[in-house]
Amino acid sequence: MDQVRQRPVLDVSALPSVAFGRSNTTWLANVFYMMIEGTMFALLFASYFYLRTRTSSWPPFQLPPQLTYGIANGILFLLSLIPARYAQKVAPTGDRGKVRLALAALAAFAVGNMVLRGFEMSTLNCRWYENAYGSIIWSLIGLHTGHLITEFVETAAILGVSFTPKMEGTRLADVAINSDYWYFVVVTAVLMDFIIYGTTRFL
């Protein structure tokens with residue numbers, strides 16, 4: 001009788017069933033997703049500065065966007081980093097009460113950001129169809145608003161799950177990953193604000 005061939009076996013029984021951060025494959029997928037979305041923003045930023053070089057008047061024959069709501073929303077975005085970071089910190093502990101608190105606060109900030117974004121759009125002093133300037137400004141703020149709404153929906157969904165017994169294991173890891181994506185939303189918001197409200201006044 002032929003001798004049975006032995007194959008090496010890797011013992012993974014000691015590995016944790018749930019991983020946070022870079023040890024989680026979903027975390028890596030989220031990073032790749034942010035890289036793709038970041039490339040979209042980069043292309044729009046490049047388009048904006050290209051269009052700026054095509055004219056001597058910027059904005060062309062119109063007032064720049066009003067600062068009030070843009071600055072207020074930018075500050076609110078920065079403050080929202082507090083609950084986002086808190087959610088990421090308490091997720092590994094499995095404390096559902098603290099997770100719910102953090103997610104609820106983050107969702108509330110997202111609602112505030114969306115409300116202020118509506119006021120921002122009403123004070124851009126341009127329409128998307130008027131000229132290239134209007135088109136690129138509305139493309140930028142529209143793209144970011146889409147990400148903001150998506151992140152709000154995701155945060156609200158995870159918050160809903162946190163009130164069920166399913167809020168354990170990988171769902172807790174999702175809370176931490178959700179915060180990573182919120183950081184992306186905040187960073188792109190700050191960059192977009194600089195372009196929409198800053199460069200129109202200083203370039």
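The protein chain exposes about 11,600 Å² of surface, and carbon and sulfur atoms supply 67% of that area. The model is a predicted one. Of the 203 residues in the protein chain, 38% are buried.

The secondary structure comes to 6 helices and 0 strands. Read along the sequence, the chain therefore follows the pattern α-α-α-α-α-α. The radius of gyration is 22 Å, well over the 17 Å that the globule rule gives for 203 residues, so the chain is more spread out than a compact globule. Taken along the principal axes, the C-alpha atoms fill a box of roughly 90 × 45 × 25 Å. Among the contacts with a separation of 6 or more, 84% are between residues 24 or more positions apart.Aromatic rings give one view of how distant parts of the chain come together. A pair of aromatic rings is described by the distance of the centres and the angle of the planes. The structure holds 10 aromatic pairs. One of them joins Tyr33 and Tyr181, whose ring centres are 5.7 Å apart, with 35° between the planes, and this pair is tilted. Tyr33 lies in helix α1 (residues 25-52) and Tyr181 in helix α6 (residues 170-202), so the pair ties together parts that are 148 residues apart in sequence. The two partners differ in how much of them is accessible: Tyr33 is partly exposed, with a relative accessible area of 36%, whereas Tyr181 is buried at 4%.

A second pair is formed by Tyr69 and Phe119, which are stacked, at 4.9 Å centre to centre and 20° between the planes. Tyr69 belongs to helix α2 (residues 68-79) and Phe119 to helix α4 (residues 96-122), and the pair links these distant parts of the chain across 50 residues. Tyr69 counts as partly exposed at 29% relative accessibility. Phe119 also counts as partly exposed, at 40%.

Tyr33 and Tyr181 are also members of an aromatic cluster. Phe41, Phe45 and Phe184 complete that cluster.

Helix α2 also takes part in a feature of the surface. Leu67, Ile71, Ile75, Leu79 and Ile82 make a nonpolar surface patch of about 450 Å². With 3 residues, α2 gives the most to the patch. Leu67, another member of the patch, lies in the loop between α1 and α2. Leu67 is partly exposed, at 32% relative accessibility; a residue needs over 30% to be counted in a patch.

The loop between α1 and α2 holds further points of backbone geometry. Pro59 is found in this loop, and the peptide bond that leads from Trp58 to Pro59 is cis, with omega near 0°. Phe61 is found in the loop between α1 and α2 as well. Although Phe61 is not a glycine, it has a positive phi of about 60°. Phe61 is exposed, with a relative accessible area of 79%.

A positive phi also occurs in another loop. Asn125 lies between α4 and α5 (132-161) and has a positive phi of about 60° although it is not a glycine. Asn125 is partly exposed, with a relative accessible area of 31%.

Cys126 is found in the loop between α4 and α5 too. What is the relative accessible area of Cys126? The value is 1%, and Cys126 is buried. Leaving aside residues up to four places away in sequence, Cys126 touches Gln62, Tyr133, Gly134, Ile137 and Trp138. One of these contacts reaches far along the chain: Cys126 and Gln62 are 64 residues apart in sequence, while their C-alpha atoms are 7.7 Å apart in space.

Key
Residues are numbered from 1 along each chain as its sequence is written. This is a predicted model: local features need pLDDT of at least 70, side-chain atom pairs count only at pLDDT 80 or more; totals for chains, interfaces and linings use all residues. Side-chain values use heavy atoms; hydrogens and water are left out. Rings of Phe, Tyr and Trp (its six-membered ring) pair if their centres lie within 6.5 Å; planes under 30 degrees apart count as stacked, over 60 as edge-to-face and the rest as tilted. Helices (H or I, at least four residues) and strands (E, at least two) are DSSP runs, numbered from the N terminus. Buried means under 20% relative accessible area, exposed over 50%, partly exposed in between (1.4 Å probe, protein chains only). Patches are made of residues with over 30% relative accessible area and no salt bridge: like charges are joined within 9 Å, nonpolar side chains (Val, Leu, Ile, Met, Phe, Trp, Tyr) within 5 Å. Accessible areas come from the Shrake-Rupley method with a 1.4 Å probe; for residues, only the protein chains shown count as cover. A salt bridge is a side-chain nitrogen of Lys or Arg within 4 Å of a carboxyl oxygen of Asp or Glu. The radius of gyration is taken over C-alpha atoms; the globule rule is 2.2 Å times the number of residues to the power 0.38. Contact means heavy atoms within 4.5 Å.
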